[in-house]
Amino acid sequence: MKIVPLIPDNAPFSSEQRAWLNGFLAGVLNRGAPAPGSASMEEKQPLLIAYGSQSGNAESLAKRLAREASGRGFAARAAGLDSLQPADLIKDKNVLLITSTWGEGEMPDNAISFWDSLNQNGSSPKLDSVQYSVLALGDMNYGDTFCLAGKKLDSRLAELGAKRIVDRVDCDVEFDDLAKKWSSAAFTILSGSSAATPTAKAEETGYSKKKPFPAPLLSNNNLNTAGSSKDTRHIAFSLKGSGLTYEVGDALGVFVQNCPDVVDSIIAAHSFDPEAAVSLPDGGTASLREALIKHYEVRQLLGKAPEADTSLTSFIEDLRKLQPRLYSIASSLKAHAEEVHLCVAAVRYSTDGVAHKGVASTFLADRLSLGETTGLYFHTANHFRLPTDLSKPVIMIGPGTGIAPFRAFIEEREATAASGKNWLFFGDQKRATDFLYHDQITEWLKKGTLTRLDTAFSRDQEEKIYVQTRMLQASSELWQWLEEGAHFYVCGDAKRMAKDVDAALHEIIQTAGSKTADEATAYVAQMKKDKRYARDVY
Ligand SMILES: Cc1cc2nc3c(=O)[nH]c(=O)nc-3n(C[C@H](O)[C@H](O)[C@H](O)COP(=O)(O)OP(=O)(O)OC[C@H]3O[C@@H](n4cnc5c(N)ncnc54)[C@H](O)[C@@H]3O)c2cc1C
Ligand SMILES: NC(=O)c1ccc[n+]([C@@H]2O[C@H](COP(=O)([O-])OP(=O)(O)OC[C@H]3O[C@@H](n4cnc5c(N)ncnc54)[C@H](OP(=O)(O)O)[C@@H]3O)[C@@H](O)[C@H]2O)c1
Ligand SMILES: Cc1cc2nc3c(=O)[nH]c(=O)nc-3n(C[C@H](O)[C@H](O)[C@H](O)COP(=O)(O)O)c2cc1C
């Protein structure tokens, strides 16, 4: 087909540039053949990078890989599984699926409806025309449920006839390297060439998990008062000079250190030389003592008798890299410029008379001094965002440290003068000692920033009163808010609280909304699809 000349001869381009531009414009405008060497959108291989993600790892990876795939010439897009139907896989044809696992071997929230539609009796789609591969994100500490969601999706897609082009890869917490190998293999196979090279390179700029910002600790205040059985800290870091920003709903990654006393007792129990040089997980060497304080996980060694004749080399080889911990951000930058705040429960417990303390929470509560720095990075949580329409009502369920993102949300709603109503459910053990952020919350109620507050202090009376007790007591008002389009958020304990709150939500929709159990399930599924039900649970 003849190329239609679009760039005039007198335009300031060389003849090669003119020919290329003419070809490009002709291709784009569908008026002629594409430029030599440039592929039109029709020729590009479609590629869907679908993600199931709770706290954002799989989501950011999927988006990064979609950008990289576009640079390699694919017509690539990233999409959450909550926005997809199995039929979409047939349309996109080439599918890379990345999913994490949550709870105890469960699908992340945004993958539940997709998983259900893959398993509908009698109406399971045939996926023979789909080529796919699965990358499963997980954590080996979860044992039998390691990467279970990814494993289930992988085998179900195969059962439905989809063709696996690269074997599933199961990743532990450090997933970057494996993800890179997996995606390179998949891109190469899908592009039908072993020489596929990226035309655009992903840039690493500024601070990130790989290059954390050394932030000084600004404050550390106990939010519980004398007599409490808990120790919950309000922690503030300075971001001055970092250029870093975050959005409310995001989490903060914190690099931490093991307790030196714990490390010393482990070294003594093994009769090792604390100054002996050992290798570090990411290369290089350090003294054994420094390596155990800053670089290796040692929790699993606590209370365990050392094995006889363990050499220092095999001792070190068995250790896992010390991981940073995530905390929900408890502040809005609009209220606290160049600062980030957290609400951290210090983990302290005993088993068989042996006292244990959580690595990160007690590092923050007890061992990091004011002014001292530790490495921080931001973890984007696009699934946990305030409504962009400021007039929408918001319901927040945040017992214990679950209050953290809601302090940030309310600060943000106040700073943006959002007109929508705000309803907070907070609970903890005792009103007198455990009413976290009492003064700020009371002030918000007085000013009307907080439209309604329901508290549930579980140990102020004989029977347990929990946040879901209060939700059920307020069924008809809660249903009314939902019908007005309220966004419903839950943060805190995943194992018990979040499940019970979910059950209470279903019950309220059934009773106050006069729906059957199936209708309530469909109502909740629609809320999730509309991004009106979001959870930040751990
Ligand atoms: C997205 C996200 C957001 C989070 N936000 C917050 C937050 O806002 N505030 C907050 O405090 N935490 C939050 N967490 C949890 C936080 O990341 C840490 O997991 C928590 O502080 C414990 O870490 P640690 O290093 O102190 O404890 P670790 O050293 O990791 O020890 C914790 C482990 O100790 C064991 N353990 C704990 N208690 C007991 C017990 N009573 N009996 C027996 N074993 C026990 C369990 O195996 C547990 O996994 C969040 C987690 C995620 C993933
Ligand atoms: N996945 C985890 O490992 C995990 C998650 C969250 C918290 N924690 C640990 O728990 C400690 C404190 O955490 P936290 O301050 O966030 O508070 P929390 O332990 O979650 O407790 C906050 C409030 O929730 C209540 N609660 C207990 N079971 C509940 C349920 N099924 N439904 C609703 N509410 C329930 C508690 O009551 P009672 O205590 O009186 O029953 C308390 O009043 C920390 O040591 C933290 O590490 C662990
Ligand atoms: C509360 C909680 C439960 C988890 N449960 C599992 C599990 O059962 N199996 C597993 O392999 N990983 C589990 N993980 C680890 C996550 O899958 C892992 O952190 C993953 O990188 C999260 O990715 P996401 O941010 O995309 O959701 C769990 C993590 C948390 C915080």
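This report walks through three helix pairs and three ligand surroundings in the structure above. The model is predicted, and each value here is computed from its atoms.

## Helices that meet

Let's start with helix 2, which covers residues 57–71, and helix 6, which covers residues 176–191. Their axes come within 12 Å and cross at roughly 40°. How should we describe the way helix 2 and helix 6 lie to each other? Angles under 35 degrees would count as roughly parallel, and 65 to 115 as roughly perpendicular. The two helices are therefore oblique to each other. Helix 2 passes helix 6 in a right-handed crossing. On the helix 2 side, the residues that meet the partner are L61, R64, L65, E68 and A69. On the helix 6 side, they are D176, A179, W182, S183 and F187. Sorted by class, the residues of this contact are 6 nonpolar, 1 polar and 3 charged.

Now move along the chain to helix 15, residues 475–483, which packs against helix 16. The angle between helix 15 and helix 16 is about 90°, and their axes are 9 Å apart. Helix 15 and helix 16 are therefore roughly perpendicular to each other. Here S475, L478, W479 and L482 of helix 15 meet L505, I508, I509 and T511 of helix 16. This contact has 6 nonpolar residues, 2 polar ones and no charged ones.

Helix 16 also has a contact with helix 17. Helix 16 runs over residues 497–511 and helix 17 over residues 517–529. Their axes come within 9 Å and cross at roughly 120°. Helix 16 and helix 17 are therefore oblique to each other, and helix 16 passes helix 17 in a right-handed crossing. From helix 16, the residues making the contact are L505, H506, I509 and Q510. From helix 17, they are A517, A520, T521, Y523 and V524. What classes of residue does the contact of helix 16 with helix 17 have? There are 6 nonpolar and 3 polar residues, with no charged residues.

Look for L505 and I509 of helix 16 in your viewer: both meet helix 15, and both also take part in the contact with helix 17.

## Around the ligands

Next, the ligands. Which residues come nearest to ligand 3? Of the 20 residues around ligand 3, these are S53, S55, N57, A58 and T101. Around ligand 2 there are 19 residues, of which T401, S458, R459, K464 and Y466 come nearest. Ligand 1 is surrounded by 18 residues, and the closest are L326, Y327, C343, A360 and S361.

The table lists polar atom pairs between these ligands and the protein.

| Ligand atom | Protein partner | Distance |
|---|---|---|
| Ligand 1, oxygen | R325, polar side-chain atom | 2.9 Å |
| Ligand 1, oxygen | A345, polar backbone atom | 2.9 Å |
| Ligand 1, oxygen | Y349, side-chain N or O atom | 3.2 Å |
| Ligand 2, oxygen | T401, side-chain N or O atom | 2.7 Å |
| Ligand 2, oxygen | Y466, side-chain N or O atom | 2.6 Å |
| Ligand 2, nitrogen | D500, side-chain N or O atom | 2.8 Å |
| Ligand 3, oxygen | S55, side-chain N or O atom | 2.5 Å |
| Ligand 3, oxygen | A58, polar backbone atom | 2.7 Å |
| Ligand 3, oxygen | G105, polar backbone atom | 2.9 Å |

Two of these rows link back to the helices. A58, whose backbone pairs with ligand 3, falls in helix 2, residues 57–71. D500, whose side chain pairs with a nitrogen atom of ligand 2, falls in helix 16, residues 497–511.

Technical notes. Residues are numbered from 1 along each chain as its sequence is written. Chains are lettered from A and ligands numbered from 1 in the order in which they are written. This is a predicted model: local features need pLDDT of at least 70, side-chain atom pairs count only at pLDDT 80 or more; totals for chains, interfaces and linings use all residues. Side-chain values use heavy atoms; hydrogens and water are left out. Axes are lines fitted to C-alpha atoms, for helices over the stretch in contact, and angles run from 0 to 180 degrees between N-to-C directions. Helices (H or I, at least four residues) and strands (E, at least two) are DSSP runs, numbered from the N terminus. Angles under 35 degrees count as roughly parallel, over 145 as roughly antiparallel, 65 to 115 as roughly perpendicular and the rest as oblique. A crossing is left-handed if the near helix is turned anticlockwise from the far one by less than a right angle, and right-handed if clockwise. Contact means heavy atoms within 4.5 Å. Ala, Val, Leu, Ile, Met, Phe, Trp, Tyr, Cys and Pro count as nonpolar, Asp, Glu, Lys and Arg as charged, and the others, Gly among them, as polar. A residue is near a molecule or strand if one of its heavy atoms lies within 4 Å of it. A polar contact is a pair of N or O atoms within 3.5 Å; within protein, one must be able to donate a hydrogen and the other to accept it, and residues adjacent in sequence count only if both atoms are side-chain atoms.
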